[in-house]
Amino acid sequence: MFPGNIEMRSPVVAFLLANVFTFSAPLKVMAETCEAENSAFNMPILLSVALVGATVGGLLARQRRGELKRLNEQLRQINAALRRQAKIESYAPTLSYSPVGGRILESEVIVDPRKEELISRLKSGKNFLRNQDPEKASVEFKTALGLAQVLQDPTEEKKAARGLGASLQRQGKYREAIKYHSLVLAISEREGEQSGNTEAFGAIADCYTELGDLEKAAYYYDKYIARLETD
């Protein structure tokens, strides 16, 4: 009786053991495969990306701190130079230059009506700027600039460019303002005289600072400081 039962159970036991090994082996292999994929490839790649990102971020932060430190030192030098100079022409309100050979008096007789309109536009632009209306000021200065260029009057052209740059800067249109502040420098180079360059360098530097381009801002602050020390 017992031997017969043992013979009957043996195939059942063999079947069960075979199925246990059949189903357990693939699961183990799959687990090992997943572990190998994650640990050997994915994790090191993600870790490398994180490390590179952290390194680049740190370098940029240090560079930014260095630029800000340099700008702070430049501003300190500017303040010191202004104190030594005691008085310097303000950039926007007066908009007056001393042309080569002496100042041209506005009381002089104006023959060309375009010249009369040019002077009138410059005066209106200055008034709008004083009254905190830079948008209307920019319209007046732009018209004056066109008239000055037609009349080939570099002194008035420079005044108009200067006023237009100042009015655009007050509107927060910094890239446009840089264009006209730079025109002041271009006229100076063309005419061989440097009036207004100090303020133009300072204004361009301020615009680049507002735009977040600290490298260019530092470049123009250096030029501004150099002009302050020689003016």
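## Notebook: helix α5 and its surroundings

I began at the end of helix α5, which is followed by Gly-192, a residue with a positive phi near 75°. I note here that the model is predicted.

**Entry 1. The whole protein.** I counted the elements next. The protein has seven helices and zero strands. Read from the N terminus, the order is α-α-α-α-α-α-α. I looked up how much of the chain is covered, and found that buried residues make up 32% of the 231 residues. I then took the contacts with a separation of 6 or more, and 62% of them are between residues 24 or more positions apart. The exposed surface of the protein comes to about 15,000 Å², and carbon and sulfur atoms supply 60% of that area.

**Entry 2. Helix α5.** I went back to α5, which covers residues 174-191 and has 18 residues. From its first C-alpha to its last, α5 reaches 26 Å, close to the 26 Å expected at 1.5 Å a residue. Which residues of α5 are buried? I listed Ala-177, Ile-178, Tyr-180, His-181, Leu-183, Val-184, Leu-185, Ile-187 and Ser-188. I kept a general rule beside this list: an α-helix has 3.6 residues a turn, so residues three or four places apart point the same way. I also wanted to know what the buried residues of α5 pack against. The partners are α3 (134-151), α4 (154-170) and α6 (197-211).

**Entry 3. Glu-156.** I moved to helix α4, where Glu-156 is found. Is Glu-156 buried or exposed? Its relative accessible area is 4%, and the cut-off for buried is under 20%, so Glu-156 counts as buried. I set aside the neighbours within four places in sequence and looked up what else Glu-156 is in contact with. The list is Lys-115, Leu-118, Ile-119, Leu-122 and Ala-148.

**Entry 4. Salt bridges.** How many salt bridges are there? The count comes to ten. I looked at several of them in turn.

Lys-115 forms one with Glu-156, and the closest N and O atoms are 4.0 Å apart. This pair links distant parts of the chain, with Lys-115 in helix α2 (residues 113-130) and Glu-156 in helix α4, 41 residues apart. I note that Lys-115 thus appears both among the contacts of Glu-156 and as its salt-bridge partner.

Asp-133 forms one with Lys-136, where the closest N and O atoms are 3.9 Å apart. I checked the exposure of both residues. Asp-133 is partly exposed, at a relative accessible area of 22%. Lys-136 is also partly exposed, at 46%.

Arg-190 forms one with Glu-157, and here the closest N and O atoms are 2.8 Å apart. Arg-190 lies in helix α5 and Glu-157 in helix α4, so the pair ties together parts that are 33 residues apart in sequence. Glu-157 is buried, with a relative accessible area of 6%.

I also looked for salt bridges that share partners. They join Lys-115, Asp-153, Glu-156 and Lys-159 into one network.

**Entry 5. Gly-163.** I stayed in helix α4, which also holds Gly-163. I found 0% relative accessibility for Gly-163, so this residue counts as buried. I compared its place with that of Lys-142. Gly-163 and Lys-142 are 21 residues apart in sequence, and their C-alpha atoms are 8.7 Å apart in space.

**Entry 6. Positive phi in two loops.** I opened this entry with a general point: most residues other than glycine have a negative phi. Which sign does the phi of Gln-132 have? It is positive, near 60°, in a residue other than glycine. Gln-132 is found in the loop between α2 and α3. Its relative accessibility is 59% and exposed means over 50%, so Gln-132 counts as exposed.

I then turned to Gln-152, whose phi is near 55°, again a positive value in a residue other than glycine. Where is Gln-152 found? Gln-152 is in the loop between α3 and α4. At 69% relative accessibility, Gln-152 counts as exposed.

Technical notes: Residues are numbered from 1 along each chain as its sequence is written. This is a predicted model: local features need pLDDT of at least 70, side-chain atom pairs count only at pLDDT 80 or more; totals for chains, interfaces and linings use all residues. Side-chain values use heavy atoms; hydrogens and water are left out. Helices (H or I, at least four residues) and strands (E, at least two) are DSSP runs, numbered from the N terminus. The expected span of a helix is 1.5 Å times one less than its number of residues. Buried means under 20% relative accessible area, exposed over 50%, partly exposed in between (1.4 Å probe, protein chains only). Contact means heavy atoms within 4.5 Å. A salt bridge is a side-chain nitrogen of Lys or Arg within 4 Å of a carboxyl oxygen of Asp or Glu. Accessible areas come from the Shrake-Rupley method with a 1.4 Å probe; for residues, only the protein chains shown count as cover.
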